[in-house]
Amino acid sequence: MELLSGAEMVVRSLADEGVEYIYGYPGGALLHVYDAIFRQDAVTHILVRHEQAATHMADGYARASGQPGVVLVTSGPGATNTITGIATAYMDSIPMVILSGQVPSDFIGTDMFQETDMVGISRPIVKHSFLVKRAEDIPETIKKAFYIAQTGRPGPVVVDIPKDITNPADKFEYQYPKKIKMRSYNPANRGHSGQIRKALDLLLSAKRPVIYSGGGVVTGGAAQELTELTRLLNFPITNTLMGLGGFPGSDQQFLGMLGMHGSYTANLAMHHADVILAIGARFDDRVTNGIGKFCPGAKVIHIDVDPTSISKNIVADIPIVGPVDSVLRDMLKQLKEEKRAADADAIASWWKQVNEWRSSKGTFPYDAGDGVIIKPQKAVETLYEVTKDMDVYVTSDVGQHQMFGAQYYKFDKPRRWINSGGLGTMGFGFPAANGIKLHYPDAEVACITGEGSIQMNIQELSTCLQYDLPVKIINLNNQVLGMVRQWQEMQYEGRYSHSYMDSLPDFKKLVEAYGHVGMRIEKLADLKPAMEEAFAMKDRLVFMDIAVDSSEHVYPMQIKDGSMRDMWLSKTERT
């Protein structure tokens, strides 16, 4: 049996788990582990410039790959700097393992230098947490952390490691578990067959059905099954912000995103539906609007791996607990074996109505302007036009640019739209793009951001230079906190309290100072040529600072506390 120190066990366990990259920042409580990293080459450490960026890099990789991202930070401020990133992953059900250093065991609770209760601080925003008390427990603890993080409803797991547990002088027998079993943790692995049959009976009796799929379809690896079921049934389908790409965005059955800034067609179809098949979605407030007015004539079938998500906000008439891929496969099997089908005449009539809504308003119409000024919607449309034939991952930060990205970029594959949905974290998009580019160097990675969000983690331009991460940054620069300003204009009579971004840097010069390529684009005629030039530079990070119309709003926008059909369609038109 091999003898290893606790520090060596940490690194060897990661290697035996198949981890290729970890993201972190060193400090005193973890220096034994960093020394162990130095003396091996199986696991590569990526040095970020801020611990929050480490979590977002790991998160971006996890969303793109489906595998847990790994973060390594020291105690105290190093650990607390990860909290926003942990919460971001928790809200969106993203698998992540965070290894945090801790002061020596005997000093826990004494307010020692750089001591914080990381387990206690993170408890509300993790799936589980561990405080390691013996070096011998490290392999099993790390195996449990990965198992918990990626099974059932995925999420982040914290492993807090006191410094004395990693002492290089103390050696113990090392064996990494091949499997793990926990009596207290048994996530569902199949849906109930009787509930699935009831769901099919209801679906096939529907006259106005809608399929509503969320991020659980993407994280659950069920996009293929969802697409097959949707086409077999010939039902309209809409995705949440997190579910985009779970069904091809360019397909005629796709109605566009639904919800607060969802399409006119998707929101109206949901409101008038008689049966809703909700798959891997949680009926959050950005979808439902006023809960008491939500889809008043609809029966709800809700499939989710997490039983606590079902009937939490909207009561499900037929709940099905289980992995979405497994449940959808069982549905498809029953449909094919029994050769069952929906009422073709009723579905044809429903499609006629849906297409009338679609033709009357389009999916996401906007005023194209004077042909000189750049509309933010046009910038995203141009990005799609330039990159649609590439293998491209698109990340975003949070705000108007995020919504424009969701509305105007057509995602035909899952795991290509990477953004913070539940927590809404500014500063997420750029480091997330870096994590993806590191693992998928041959793919194009574009980050849609704004002048407010990009400055949250702009220091990671240094990380990109060190590790040669040639992502493309599309900065929709309207010189305001766009979504804040929109709400202030619509709900606060134009009192723009602290939403103007005064004293902005010259982003082109700033990016060049970091050793990258900067562009400033101010005219519509220059937009497409500049983007084509940027994406032609395969080995360089390019920052496109695009001056866009600051007066634009994101529409549609649901009217607060209304039903799904109650929307502003422009500054002067509402349903």
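Which residues of strand 15 lie on one side and which on the other, and are they buried or exposed? Val392, Val394 and Ser396 on one side and Tyr393 and Thr395 on the other are all buried, and both faces of the strand are covered. Here, buried denotes a relative accessible area under 20%, exposed denotes over 50%, and partly exposed lies in between, with a 1.4 Å probe and protein chains only. Strands (E, at least two residues) and helices (H or I, at least four residues) are DSSP runs, numbered from the N terminus. In a regular strand the side chains alternate between the two faces of the sheet.

The model is predicted: local features need pLDDT of at least 70, side-chain atom pairs count only at pLDDT 80 or more, and totals for chains, interfaces and linings use all residues. Residues are numbered from 1 along each chain as its sequence is written, and side-chain values use heavy atoms, with hydrogens and water left out.

Strand 15 belongs to an open sheet of six strands, ordered 16-15-17-18-20-19 with parallel pairing. Strand 16 and strand 19 (517-521) stand at the edges with a single partner strand each, so one side of each has no neighbour in the sheet. Two strands pair if DSSP finds at least two bridges between them.

The sheet can be followed along this order. Strand 15 and strand 16 (residues 417-418) are parallel and share two bridges, with Ile418 in strand 16 as the bridge partner of Thr395. The chain passes from strand 15 through helix 16 to strand 16 in a right-handed β-α-β crossover; right-handed means that, with the strands pointing away from the viewer, the path from the first strand over the helix to the second runs clockwise. Strand 15 is also joined to strand 17 (residues 444-450), again in parallel, by five bridges, and Cys447 in strand 17 is the bridge partner of Thr395.

Strand 17 in turn pairs with strand 18 (residues 472-477) in the parallel sense over five bridges, where Thr449 stands opposite Asn475 in strand 18. Asn475 has Asp545 in strand 20 as its bridge partner, and strands 18 and 20 pair in the parallel sense over six bridges. Strand 20 (residues 542-547) has six of its six residues buried. Val542, Met544 and Ile546 occupy one side of strand 20, and Phe543, Asp545 and Ala547 the other. Strand 19 pairs with strand 20 in the parallel sense over five bridges, and Phe543 in strand 20 is the bridge partner of Gly518. The chain runs from strand 19 through helix 21 (residues 524-536) to strand 20, and this β-α-β crossover is right-handed.

Burial also marks helix 17 (residues 429-439): 11 of its 11 residues are buried, so this helix is largely enclosed by the rest of the structure. Among them are Phe430, Ile436, Lys437 and His439.

The loop between strand 15 (392-396) and helix 16 (400-408) contains Gly399, which is buried at a relative accessible area of 14%. Helix 16 also helps to line the second largest pocket, as the following paragraph sets out.

The second largest pocket has a volume of about 380 Å³. A pocket is found on a 1 Å grid over the protein atoms alone, as an open set of points where a 1.4 Å probe fits, with protein on both sides within 12 Å along at least five of seven lines; lining residues have an atom within 4 Å of a point. Grid points are joined across faces, edges and corners, and the volume is the space filled by probe spheres set on the points. Of the 23 lining residues, Gly249, Phe254, Thr363, Gln407 and Lys410 lie nearest the centre of the pocket. Strand 11 (254-257), helix 15 (376-387) and helix 16 each give two or more residues to the lining, and strand 11 supplies the largest share, four residues.

Some local features remain. A cis peptide bond, with omega about -5°, joins Tyr555 and Pro556, and Pro556 lies in the loop between strand 20 and strand 21 (557-558). Ser503, a residue other than glycine, has a positive phi near 60°. Ser503 lies in the loop between helix 19 (482-491) and helix 20 (507-513), and is exposed at 76% relative accessibility.
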